[in-house]
Amino acid sequence: MKKCIIISDSFKGTLSTFDIINLFKKGANEVFPNCNVIGIPIADGGEGTMEAFSASLLGEKITIDCVDSNNYPIKTTYFISNNTAYMDVASCIYLSTTKIKNPFITTSYGVGLMIKDAIYKGCKKIIIGLGGSSTNDGGTGLLSALGVKFYNSKKEVFIPTGGTLDQITSIDVDELNNLINDIEIVGMCDVTNPLLFENGASRIYGKQKGATEEETKILDEKMKAYHNVVLSSGYKDFSSINGTGAAGGIGYSIITFLKGRLEKGIKVLLDAVDFERKLTDVDVIFTGEGNIDSQTLNGKVIEGIKEVASTHNIPLVVISGGADLDTEKMIGNDIKAIITTTRKPLDFSKLKPYSKDYYLVTIKNTLRLIKLGMELYKPKQ
């Protein structure tokens, strides 16, 4: 094997995409010391998306004063390359770091501050990863930071949250329209949830953000009330479009107010890093994620890489922490093998300290098998 690519998602809770690249290169150096290993950091729109872009592109990280979803002051960072800003909502409204997890009060205002800063710095395109949010405000906080005025029944301007969306009676977007007049906005989004109803933002994601089952229904009703005001303001109905429920409705605000679009996260990243140009003379592509199941090929990282590998007729090997039995049906012309790193039937808490060791050993054994196959089928002299 002379040239290969390692382009793997993180193993959530154990290995980052950067850990995986370093471990793979270490293992490959032992088994195929002359192999050219190309490591490409990857993310699909969640935490670490901005870091993946900044590792592959030339540009500058920008740190600004911002606020988190509880409106506490924080510092946050995004990345600029060639007049394009790359950012993820998790950098300021990340669910895991939110102190008060309550979708009735959390706000997406900080995301709007990042967007505004990028526009003021001259960016003409803004790419936003939408994974991992703690909000359910329909993107109204974000829009408020960009100059949208939301009025209540007393004609007072206020910044809505998930719990006050039904208090909106009218919307003024003049300042926003002037700000984003020539700006292209792209949301990296792998979920297909619409804005409303049983499969919408509130009902599907409200519980993990801190709401009870009954409260998710209330949040959905408040989101409907907001949507009705949007429609009465003359906007088209985009609420049923896949992904409008992403990040508590930020996907909806991107399409409706920012005149942007939603794209699969992996496609956006592969295009940005010019992935296909890197495939010349590549023998094998290695990818992976923490666990492989029946949803893995449903718009996720591996599916996007598989599609490109198939187009170029390059074999793809998946390395994962674990895999369900039904993933055997994924093996075929595109995916040649699915190999798991788990070596003992232990609880996650006991496996975690050995995750790097297990990954390294798995990589070396995988490459040893490839080497054996090359030797077995080497043309006889």
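**Close-up views of a predicted model**

**View 1. V173 sits in the loop between β9 (170–172) and α6 (174–179).** The model shown here is predicted. Is V173 buried or exposed? V173 has 12% relative accessibility, and buried means under 20%, so V173 counts as buried. Leave aside the neighbours within four places in sequence, and V173 is in contact with V148, Y235 and F257. L57 makes a useful reference point for distance. V173 and L57 are 116 residues apart in sequence. In space, their C-alpha atoms are 34 Å apart.

**View 2. An open sheet is built from 6 strands.** In what order do the strands of this open sheet come? The order is β3-β4-β5-β6-β10-β11, and the pairing is mixed. The edge strands are β3 (60–67) and β11 (261–263), each of which pairs on one side only. On average, neighbouring strands of this sheet are turned by 30° against each other, with direction ignored.

**View 3. β3 and β4 form a hairpin.** The two strands pair in the antiparallel sense, over 8 bridges. To find one bridge, look for T63: its partner in β4 is T77. Between β3 and β4 there are 5 residues. N71 lies in this turn and has a positive phi of about 70°.

**View 4. β4 and β5 make a hairpin with 2 residues between the strands.** Here too the pairing is antiparallel, with 3 bridges. F79 stands opposite Y86 in β5. In this hairpin, which residue takes a positive phi? N82 does, with a value near 55°.

**View 5. Strand β10 (residues 184–188) pairs with β11 in the parallel sense.** The two strands share 3 bridges. M188 stands opposite E263 in β11. β11 is an edge strand, so labelled because it pairs on one side only.

**View 6. Helix α4 (residues 109–120) lies across four strands of the sheet, β3, β4, β5 and β6.** In sequence, β4 covers 73–81, β5 covers 84–88 and β6 covers 125–129. The helix runs at about 135° to β3.

**View 7. L369, L372, L376 and Y377 make a nonpolar surface patch.** What is the area of this patch? The patch covers about 510 Å². L376 lies in helix α13 (residues 355–376). Exposed means over 50% relative accessible area, and L376 has 60%, so L376 counts as exposed. In View 1, by contrast, V173 counts as buried.

Definitions and conventions
Residues are numbered from 1 along each chain as its sequence is written. This is a predicted model: local features need pLDDT of at least 70, side-chain atom pairs count only at pLDDT 80 or more; totals for chains, interfaces and linings use all residues. Side-chain values use heavy atoms; hydrogens and water are left out. Axes are lines fitted to C-alpha atoms, for helices over the stretch in contact, and angles run from 0 to 180 degrees between N-to-C directions. Contact means heavy atoms within 4.5 Å. Patches are made of residues with over 30% relative accessible area and no salt bridge: like charges are joined within 9 Å, nonpolar side chains (Val, Leu, Ile, Met, Phe, Trp, Tyr) within 5 Å. Accessible areas come from the Shrake-Rupley method with a 1.4 Å probe; for residues, only the protein chains shown count as cover. A salt bridge is a side-chain nitrogen of Lys or Arg within 4 Å of a carboxyl oxygen of Asp or Glu. Buried means under 20% relative accessible area, exposed over 50%, partly exposed in between (1.4 Å probe, protein chains only).
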